[in-house]
Every structure is written in C-alpha cells, then in structure tokens.
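Hi,

Here's the structure I promised to pass along. Have a look at it first, and my notes follow underneath.

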2 protein chains.
Amino acid sequence: MHSTELLKGTLQTIVLKVLKDHGKMYGYEITQRVKELSDGRILLTEGALYPTLHKLEAEGLLKTEVINIGKRIRKYYVLTAPGKVIAKDRVSEFVDFINTMTTVLQVKLD
Amino acid sequence: MHSTELLKGTLQTIVLKVLKDHGKMYGYEITQRVKELSDGRILLTEGALYPTLHKLEAEGLLKTEVINIGKRIRKYYVLTAPGKVIAKDRVSEFVDFINTMTTVLQVKLD
DNA sequence: TCTTATACATAATTCTCTTATGTATTACTG
DNA sequence: CAGTAATACATAAGAGAATTATGTATAAGA
C-alpha cells in the first residue's frame with residue numbers, strides 16, 4: 001500500500017479516467033477495479049469515494065442510473081460529454097505534473 | 001502553475017531531495033531553486049515551507065545553522081544521516097507511486 | 001450460523017496546504 | 001531620495017480532501 005499522502009488530489013482523476021476506460025460502473029466496482037489495476041497498492045475508501053462521486057455528479061461530469069439487483073440497490077455512473085473532456089484534461093494535468101516532478105526530483109522512470 | 005491538489009503530499013519529498021542534491025540551503029533559496037527547476041510551475045509558499053522545515057528538523061532529518069548576512073538572519077538547513085536515508089526512501093516511494101498511477105490511468109510517459 | 005463480501009451513505013476528525021498577517025533588511029527604480 | 005520589489009524569517013486562521021468511524025442492508029460462503 002502506498003503512502004496515502006501522495007494519493008491526495010488524485011482521486012477525481014482516477015475516478016474519471018477509470019470510468020472513461022471502462023464505461024458504466026458502480027462505486028464498489030470502481031474500488032475493485034482500481035485495486036486490481038494497482039495490484040492492491042491503491043485502496044479507495046468508501047468515505048472518500050462516495051462523496052467524490054456525488055460531487056462529480058453535482059458538477060455534471062457524471063450521470064447516474066440506479067438499478068435493482070434482487071433487493072439491493074446498485075448505482076451506475078457514466079461520464080457525461082463534459083465529463084469526458086474533463087477526464088482528458090485531468091489526465092494531461094497529471095502527466096504534466098509528473099514530468100515537472102521528475103525534473104525537480106531528478107529521477108528517471110524506467 | 002500546476003493544480004495544487006496534486007502537489008499535496010509531495011512537499012517533504014521535494015525539500016528532502018533538493019537538499020540532498022544541492023547541499024546546504026536556506027528556506028528562501030529552496031523556494032527559488034524549486035521554482036527554477038520546475039520552470040515556474042511549482043511555487044512553494046512560505047506558509048507551507050517553513051512549518052515543513054521545522055517539522056523535518058524536529059524529526060531529526062535536518063539540522064540547522066544560523067548565520068548573519070549583514071543585519072539579516074539566514075537559516076541554513078542540511079540533511080542529517082537519517083535525513084539522507086529518508087530522502088532516498090521518499091523518492092523511491094514517489095517513483096513507485098508514479099509507476100502505479102501510470103498503470104491505473106493507462107498513460108505513457110515520453 | 002457466523003463471517004465475509006457486496007453496496008450504499010454520512011459524520012467527526014485529522015492533516016496538509018493556502019491565505020493572511022507580521023516583522024525587518026536590502027536592492028532597485030523613477 | 002522616496003517608494004516599491006525582493007529577500008528572509010515566522011505563525012495563525014481557514015479551507016479542502018482524505019481517513020476513520022459508524023450506520024444500514026443483502027448475498028454468499030464456510
């Protein structure tokens with residue numbers, strides 16, 4: 001598990017990009033997908049994820065679709081058109097950030 | 001200027017690594033060096049920097065040397081032996097983090 | 001039957017950083 | 001030479017994002 005300090009500020013970017021790559025997903029599914037993609041190094045907590053999803057929805061970047069699985073609720077999230085644009089922007093921003101940081105820290109990545 | 005959200009959690013790493021690479025430095029000098037290295041993209045604020053330097057010193061990772069330039073105080077910081085070890089660890093940790101993130105976000109870095 | 005996994009959600013707290021404020025010296029510019 | 005910008009330290013109030021804790025409930029596996 002990574003030092004969670006570094007993870008701060010990346011949650012929205014992760015959510016947006018994973019939704020862009022994998023299409024319609026529900027909250028719990030996102031946590032599992034990120035866990036899988038990161039080999040268990042990034043474990044999204046529910047207390048951070050759900051408020052983030054609600055916020056992104058309120059901003060119009062995501063839209064929801066609630067379905068019933070038996071007696072259990074499942075809330076799917078999909079990127080809206082503006083959401084797709086922002087997802088791309090956030091990833092670019094992150095790449096720029098990494099490039100700057102590798103210069104400042106004088107590190108080479110494989 | 002980068003989205004400051006992403007910068008969160010990286011301040012200690014930056015300070016430790018810059019001190020490791022450039023040796024004895026004082027606070028203001030660190031802000032200028034980082035600004036220069038990052039092409040103006042990372043602007044450390046004093047409100048964040050000084051408390052961080054004090055904290056790292058309290059943890060024994062940095063030691064100080066106060067000198068007088070005319071009538072003005074200048075406080076130099078240098079890594080201690082444990083500080084050098086932690087500096088290395090923090091950079092490794094950051095590299096690991098980037099590797100994980102590039103996988104999760106499916107991005108390639110030049 | 002009991003525990004774990006699935007699935008949502010919110011509230012209290014913690015932590016880091018930004019913004020604001022304060023003090024003071026030195027250098028530059030009109 | 002007066003005013004502003006740069007140098008140089010420091011701390012405190014407030015904001016924002018995440019952790020931790022708590023709550024509800026169903027489904028699956030041991």
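Which residues are the closest to DNA strand D? Keep in mind that this is a predicted model. The closest are Leu11(A), Gly47(A) and Gly70(A) from one chain, plus Tyr26(B) and Gly27(B) from the other, out of 28 residues that surround the strand.

Next, the elements behind that surface. In chain A, helix H1 (4-7) and helix H4 (46-58) each give at least two residues to the surface near DNA strand D, and in chain B helix H3 (27-37), helix H4 (46-58) and S3 do likewise. H4(B) has the largest share there, with 5 residues. Sorted by class, the surface near DNA strand D has 10 charged, 9 polar and 9 nonpolar residues.

Now for how the two protein chains meet. On the chain B side 31 residues are in contact with chain A, and they touch 31 residues of chain A. Helix H1 (4-7), H2, H3 and helix H5 (81-105) of chain B each bring at least two residues to that side. H5(B) supplies the largest share of it, 12 residues. By class, this side of chain B has 15 nonpolar, 9 polar and 7 charged residues.

On to the sheets, beginning with chain B. Chain B has an open sheet of 3 strands in the order S1-S3-S2, with antiparallel pairing. Its edge strands are S1 (25-26) and S2 (62-69), each of which pairs on one side only. S2(B) and S3(B), which covers residues 72-79, run antiparallel and pair over 8 bridges. If you want to find that pairing on screen, look for Ile69(B), whose bridge partner in S3(B) is Arg72(B). Helix H2 (residues 11-22) of chain B packs on this sheet, where it touches S1 and S3, and its direction makes about 90° with that of S3(B).

Chain A also has an open sheet of 3 strands, with the order S1-S3-S2 and antiparallel pairing. Here S1 (25-26) and S2 (62-69) of chain A stand at the edges with a single partner strand each, so one side of each has no neighbour in the sheet. S2(A) pairs with S3(A), residues 72-79, in the antiparallel sense over 8 bridges. Within that pairing, Ile67(A) sits opposite Arg74(A) of S3(A).

One last helix. H4(A) has 13 residues and reaches 18 Å from its first C-alpha to its last, close to the 18 Å expected at 1.5 Å a residue. After H4(A) comes Gly60(A), with a positive phi near 80°.

Cheers

Methods
Residues are numbered from 1 along each chain as its sequence is written. Chains are lettered from A and ligands numbered from 1 in the order in which they are written. This is a predicted model: local features need pLDDT of at least 70, side-chain atom pairs count only at pLDDT 80 or more; totals for chains, interfaces and linings use all residues. Two strands pair if DSSP finds at least two bridges between them. Helices (H or I, at least four residues) and strands (E, at least two) are DSSP runs, numbered from the N terminus. Two residues are in contact if their C-beta atoms, placed from the backbone, lie within 7 Å. Axes are lines fitted to C-alpha atoms, for helices over the stretch in contact, and angles run from 0 to 180 degrees between N-to-C directions. A residue is near a molecule or strand if its C-beta atom, placed from the backbone, lies within 6 Å of it. Ala, Val, Leu, Ile, Met, Phe, Trp, Tyr, Cys and Pro count as nonpolar, Asp, Glu, Lys and Arg as charged, and the others, Gly among them, as polar. The expected span of a helix is 1.5 Å times one less than its number of residues.
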